[in-house]
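Student: Before I study this protein, I should like to learn how the terms used to describe such a model are justified. May I see it?

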Amino acid sequence: MTSVTRLTAVYPGTFDPMTLGHEDLMRRAARLFERLIVAVAAGHHKRTMFTLDERLEIAQELAAKHPNIEVIAFRGLLRDFVVSHDGKVVVRGLRAVSDFEYEFQMAGMNRQLMPDVETVFLTPSDHYQFVSGTFVREIATLGGDVSKFVSPSVLNRLQQRVKPDA
């Protein structure tokens with residue numbers, strides 16, 4: 001499906017792991033823009049559960065049903081990535097009011113670094129509003145059920161990762 005806007009949008013994140021909330025935003029953003037790049041961050045400032053290659057593989061698997069979505073890894077400044085891929089929009093998710101302050105500041109900084117690029121905020125569907133990768137990792141690590149928050153393939157990977165050594 002192509003949009004009237006004919007814009008390339010970039011949806012950045014560490015996606016550690018990719019949750020149903022991420023999938024929801026990815027699917028909805030893909031309907032709005034002709035090209036959506038899911039930009040998987042190396043996560044230099046975060047300690048991730050999954051390697052960059054694993055997170056790329058997961059994102060590629062989940063994006064495969066959308067022909068206008070590309071999944072690409074990036075390191076460094078988001079600005080450099082967006083500009084080098086002809087991005088005109090950065091898609092960010094807002095789950096709760098607490099996200100807004102940080103995202104608002106980030107959008108302002110990005111506007112200074114990329115004056116020709118707009119930030120678009122999307123809110124996840126109601127049942128994903130409180131789902132975060134951080135919560136999913138913590139619940140899974142403590143042996144809790146996260147099947148309502150991630151796709152079956154991500155659940156399987158999480159279970160393998162947190163499986164106690166026998």
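Tutor: The following exchange sets values against definitions.

Tutor: This is a predicted model, in which local features need pLDDT of at least 70 and side-chain atom pairs count only at pLDDT 80 or more, while totals for chains, interfaces and linings use all residues. Residues are numbered from 1 along each chain as its sequence is written, and side-chain values use heavy atoms, with hydrogens and water left out.

Student: Why is Phe 15 called buried or exposed?

Tutor: Buried means under 20% relative accessible area, exposed over 50%, and partly exposed in between, with a 1.4 Å probe and protein chains only. Phe 15 has 4% relative accessibility and therefore counts as buried.

Student: And what makes Asp 86 buried or exposed?

Tutor: Its relative accessibility is 56%, so Asp 86 counts as exposed. Asp 86 lies in the loop between helix 3 (78–84) and strand 4; helices (H or I, at least four residues) and strands (E, at least two) are DSSP runs, numbered from the N terminus.

Student: What is notable about the backbone at these two residues?

Tutor: Most residues other than glycine have a negative phi, and most peptide bonds are trans. Phi of Phe 15 is near 50°, a positive value, and Asp 86 has a positive phi of about 60°. Phe 15 is found in the loop between strand 1 and helix 1, as is Pro 17.

Student: What makes the bond that joins Asp 16 and Pro 17 a cis peptide bond?

Tutor: Its omega is about 0°.

Student: What makes a set of residues a nonpolar core?

Tutor: The set must consist of buried Ala, Val, Leu, Ile, Met, Phe, Trp, Tyr and Cys residues joined through side-chain atoms within 4.5 Å. The largest such core has 32 residues, of which Met 26, Leu 36, Val 38 and Val 91 touch the most other members. Helix 2 supplies the largest share of this core, 6 residues. Apart from it lies another core of 11 residues, including Phe 74 and Phe 81.

Student: How do you know that the buried residues of helix 6 are on the same side?

Tutor: In helix 6, Val 154, Leu 155, Arg 157 and Leu 158 are buried. They cover an arc of only 165° around the axis, which puts them on the same side of helix 6; the arc is that of the directions from the helix axis to the C-beta atoms. Helix 2 and helix 5 are among what covers these buried residues, where contact means heavy atoms within 4.5 Å.
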